[in-house]
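Colleague: Please take a close look at one part of this model, the aromatic pairs and the packing around them, and walk me through it in one connected answer.

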Amino acid sequence: MKKIVLTGGGTAGHVTPNIALLPALKEAGFEVSYMGSYDGIEKKLIGDFDIPYTGIATGKFRRYLDPKNLTDPFRVIKGFGEARKHLKELKPDVVFSKGGFVSVPVVRAAASLGIPCIIHESDMTPGLANKICIPVARKVCCNFPETMENMPEGKAVLTGSPIRSELAQGNKLAGLDMCGFTANKPVIMVIGGSLGALNVNRAVREALPQLLEDFQVVHLCGKGKIDNLYLNTPGYKQFEYIKAELKDLFAMADIVISRAGANAICELLALKKPNLLIPLPSRSSRGDQLLNAASFEAQGFSIVIDEDDLTTQLLVNKVHELYEHKADYINTMSGSGQMDSIQKIMKLIEEAAAK
């Protein structure tokens with residue numbers, strides 16, 4: 001039986017694409033193991049899938065001053081030794097990494113043992129962890145055409161990001177029933193999330209009097225961010241977080257308003273959902289969402305509003321523009337090279353394992 005070790009963690013975005021690959025890996029006959037931090041979010045998320053999990057020491061690579069910058073390099077070195085030891089025992093044919101600081105000791109240890117590594121870069125520009133891993137990777141899976149221009153020759157492959165197949169299997173009527181919506185009025189889905197979502201949530205709620213004239217709105221606003229003032233507003237439904245029923249909300253949604261995190265927008269692309277992106281500004285991040293959104297806008301997949309320009313009227317105007325031209329956006333997304341990502345990534349994994 002072929003063996004693969006998956007790695008990636010620190011945030012859910014470095015784990016969920018690995019989870020999306022699991023059915024295809026098992027169907028292809030791979031014995032799957034996961035390697036991550038001792039008690040990070042990856043351990044919790046993978047725990048639901050009955051996959052052997054190995055924890056190692058990890059250290060975060062920070063671009064800012066922090067006392068932990070003095071100790072974490074030693075944790076990374078320890079993690080490298082632990083990963084190397086475990087990899088010798090597991091004897092995988094290939095390692096697939098979704099990135100995050102937890103992946104660095106695993107990928108570097110695998111490379112030192114001659115185990116081929118496939119890594120995935122979600123954002124337009126690689127994060128620090130992937131920058132350390134790219135030199136020893138066999139292939140680098142990319143979400144954006146622009147990313148490939150700055151990769152070592154012959155390494156980059158435009159794959160898009162793997163998304164869970166169940167997201168495409170939602171029931172529109174179940175979503176409408178869950179929200180108490182009617183079937184004869186279009187639906188806007190707002191994905192506020194947690195990090196930096198306050199401004200998006202506020203803008204949407206301020207625009208509700210105008211939006212609800214023509215649309216119904218389902219709002220995933222983040223933990224602790226439900227506004228009690230709007231609990232009984234007809235045509236508006238708030239949720240802190242949705243898990244299993246998310247597929248039904250996607251099936252119900254005609255258009256989507258979202259931040260521009262790489263995994264989120266790749267889900268919108270795969271599901272062919274016309275979208276309005278409000279990227280997290282550079283003062284709140286390393287600027288990756290701005291680059292992600294600019295790429296999707298340039299490819300004709302999205303309309304983008306900079307948060308600094310966000311007003312109630314601009315939001316309302318752009319929502320109507322998006323809805324009026326939604327067929328054009330769907331057609332453009334249908335021709336994207338970032339579709340069928342699981343099949344493309346599986347081909348790379350199979351080729352690496354065979355060698």
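Modeller: A residue is called buried here when its relative accessible area is under 20%, and since Phe-296 has a relative accessible area of 1%, Phe-296 is buried. Please keep in mind throughout that this is a predicted model. The partner ring belongs to Phe-144, which at 0% relative accessibility also counts as buried. The ring centres of Phe-144 and Phe-296 lie 5.8 Å apart with their planes at 65°, and because planes over 60 degrees apart count as edge-to-face, the pair is classed as edge-to-face. In sequence the two are 152 residues apart, so that the pair links distant parts of the chain: Phe-144 sits in the loop between strand E6 (139-142) and helix H6 (145-148), whereas Phe-296 belongs to helix H11 (residues 288-298). Ring pairs also bring in Phe-301, which forms a cluster with Phe-144 and Phe-296.

Searching the whole structure gives 5 aromatic pairs, and one of them, Tyr-34 with Tyr-53, has a stacked geometry, because the centres are 6.0 Å apart and the planes are at 10°. Tyr-34 lies in strand E2 (residues 30-37) and Tyr-53 in strand E3 (residues 53-56), so this pair ties together parts that are 19 residues apart in sequence. With 1% relative accessibility, Tyr-34 counts as buried.

As for the wider packing, the largest nonpolar core has 56 residues, of which Ile-188, Met-189, Val-218, Leu-315 and Val-319 touch the most other members. Helix H8 contributes the largest share of this core, with 7 residues. Apart from this core lies another, of 24 residues, and Tyr-34 is among its members, as are Leu-22, Phe-30 and Ala-352. Returning to the 56-residue core, the contacts of Ile-188, leaving aside neighbours within four places in sequence, include Leu-211, Val-218, Ile-255 and Val-319.

Val-319 leads on to helix H12, whose buried residues are Leu-315, Val-316, Val-319 and Leu-322. These residues cover an arc of only 130° around the axis, which means that they lie on the same side of H12. Among the elements that cover them are strand E8 (187-191), helix H8 (198-214) and helix H13 (326-334). The length of H12 (residues 312-324) is consistent as well, because its 13 residues should span 18 Å at 1.5 Å a residue and its end C-alpha atoms are 19 Å apart, which agrees.

Conventions. Residues are numbered from 1 along each chain as its sequence is written. This is a predicted model: local features need pLDDT of at least 70, side-chain atom pairs count only at pLDDT 80 or more; totals for chains, interfaces and linings use all residues. Side-chain values use heavy atoms; hydrogens and water are left out. Helices (H or I, at least four residues) and strands (E, at least two) are DSSP runs, numbered from the N terminus. The expected span of a helix is 1.5 Å times one less than its number of residues. Buried means under 20% relative accessible area, exposed over 50%, partly exposed in between (1.4 Å probe, protein chains only). The arc is that of the directions from the helix axis to the C-beta atoms. Contact means heavy atoms within 4.5 Å. A nonpolar core is a set of buried Ala, Val, Leu, Ile, Met, Phe, Trp, Tyr and Cys residues joined through side-chain atoms within 4.5 Å. Rings of Phe, Tyr and Trp (its six-membered ring) pair if their centres lie within 6.5 Å; planes under 30 degrees apart count as stacked, over 60 as edge-to-face and the rest as tilted.
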